Amino acid sequence: MLYPLKLNAAFKDYLWGGTRLRDEFNKQTDIDPVAESWELSCHHDGQSIISNGEFSGKTLAQYIETVGKQVIGTKAPKDKDFPILIKFIDAKQSLSVQVHPDDKYALLHEGESGKTEMWYVMDATPDATLIYGFTHEISHQEFERRIKDNTLLEVCNQVPIKKGDVFFIEAGTLHAIGAGALIAEIQQSSNSTYRVYDYGRVGKDGKLRELHIEKALAVTKLEPPTRKPEPIAKLTAFADYDLTILAQCELFNVSHFDLHGNCSLNAKKDSFHSILVLDGQIALTYGSNSFTITKGESVFIPADMGEYILNGTGEFILTTL
């Protein structure tokens with residue numbers, strides 16, 4: 001029988017992370033800092049672990065290998081592994097200024113998919129900002145020069161942020177999450193990142209962290225972003241929830257629900273559902289079974305599982321293909 005899989009995250013201790021994922025989202029880990037929690041992942045750099053039912057203790061990848069790829073959905077690419085990675089990000093310090101490759105470049109040079117992603121700002125300090133593309137179009141020569149002489153920030157598009165903001169980061173877009181941001185990220189299942197500016201920070205080995213100048217020069221779009229940093233649509237004509245469509249593209253579809261009652265959803269053959277709880281407490285009922293999911297928890301709903309009901313008060317993000 002198909003059933004909803006509660007997932008335990010994989011964690012990352014990148015130097016810019018903080019403690020909010022442990023303190024506010026009840027993440028159980030000894031690593032410090034807790035920069036990222038990979039909430040839905042089959043990536044070899046960090047995999048989700050199932051915590052309930054018949055497959056408890058298995059990775060999500062092992063579950064899919066056992067029951068078959070049909071649980072991902074018919075919209076999933078036939079020649080690829082699990083296509084999506086979802087994470088929480090706690091940026092106590094600013095992340096490096098970076099760029100991700102597209103599928104063509106990443107498959108050739110990294111052996112994996114490219115990385116287009118979407119950010120939902122869950123919280124931000126009053127002075128928090130993001131870097132989102134360039135302020136104006138520049139040449140490859142200027143880009144390379146500014147990386148090498150540490151003047152790149154002068155041409156970066158820095159955007160103030162607040163809770164509820166949405167950014168769609170297409171592969172090739174220069175970007176960086178700033179200090180004080182708490183982010184939910186939905187992305188392609190890839191860990192290919194090319195760093196071009198890092199504030200002169202050193203890693204655990206005491207050396208300056210590596211820059212990836214040649215690869216960044218090959219993939220970066222040297223222009224302002226083409227999409228506005230905002231949700232696609234807000235729909236409020238529902239009795240028990242407010243719905244905001246955050247992103248729609250050929251890679252993923254993402255919606256935010258502000259729930260204050262019942263919400264019935266249906267996982268059909270075309271796609272799995274991912275439920276990521278941002279706040280509150282929600283009962284998930286399927287058939288005659290029910291369990292509670294709370295702030296910081298993630299659930300994988302297999303494709304073709306059918307109808308399920310969410311009841312309670314809270315915020316969650318729904319991701320599908």
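This report walks through strands, one helix, the cysteines, a buried serine and the aromatic contacts of a predicted model.

**Strands**

Let's start with β18, which spans residues 253–267 and has two pairings to look at. One is with β17 (residues 241–248): the two run antiparallel and share 7 bridges. Getting from β17 to β18 takes a hairpin of 4 residues. If you want a spot to check the register, look at D242, whose bridge partner in β18 is D258.

The other pairing is with β22, residues 306–320, again in the antiparallel sense, this time over 15 bridges. Here S264 sits opposite I309 of β22.

**Helix α4**

Helix α4 covers residues 140–148, and its buried residues are E142, F143, R146 and I147. Looking down the axis of α4, you'll find the buried residues within an arc of 135°, so they line one face of the helix. Turn to the other side of α4 and you meet Q141 and K148, both exposed.

What do the buried residues of α4 pack against? Their neighbours are two strands, β10 (129–134) and β15 (194–197), plus the helix α5 (213–219). Following α4 comes N150, which has a positive phi, near 60°.

**Cysteines and a buried serine**

Don't go hunting for disulfides: the structure holds 0 of them. Take C42 as a case. Its closest cysteine sulfur belongs to C249 and is 19 Å away, too far for a bond. With a relative accessibility of 17%, C42 still counts as buried, because the cut-off for that is under 20%. C263 is buried as well, at a relative accessible area of 1%.

S274 is worth a click too. You'll find S274 in strand β19, residues 273–286. Is S274 buried or exposed? S274 is buried, with a relative accessible area of 1%. Leaving aside residues up to four places away in sequence, S274 touches L40, I86, V299, I317, L318 and T319.

**Aromatic rings**

The model has 17 aromatic pairs. One of them joins Y132 and F167: the ring centres are 5.3 Å apart and the planes meet at 85°, so this pair is edge-to-face. Since Y132 lies in β10 and F167 in β12 (residues 166–169), the pair ties together parts that are 35 residues apart in sequence. Y132 is buried at 2% relative accessibility, and F167 is buried at 1%.

F238 and Y241 make a stacked pair instead, 4.6 Å from centre to centre with 15° between the planes. F238 is partly exposed, with a relative accessible area of 31%, while Y241 counts as buried at 14%.

There is also an aromatic cluster, formed by F55, Y63, F82, F272 and F300.

Lysines come into the ring story as well, and the table lists two of them.

| Lysine | Ring | Distance to ring centre |
|---|---|---|
| K12 | W38 | 4.7 Å |
| K295 | F25 | 4.8 Å |

In the pair with W38, K12 lies over the face of the ring. For K295, the charged end is what sits over the ring of F25.

Technical notes: Residues numbered from 1 in each chain as written. Predicted model: local features only at pLDDT ≥ 70, side-chain atom pairs only at ≥ 80, totals over all residues. Heavy atoms only, no water. Pairing = 2+ DSSP bridges. Buried < 20%, exposed > 50% of the residue type's maximum accessible area, 1.4 Å probe, protein only. Arc of directions from axis to C-beta. Contact = heavy atoms within 4.5 Å. Disulfide = S-S within 2.5 Å. Phe/Tyr/Trp six-rings, centres within 6.5 Å; stacked < 30°, edge-to-face > 60°. Lys NZ or Arg CZ within 6 Å of the ring centre and 35° of its normal.
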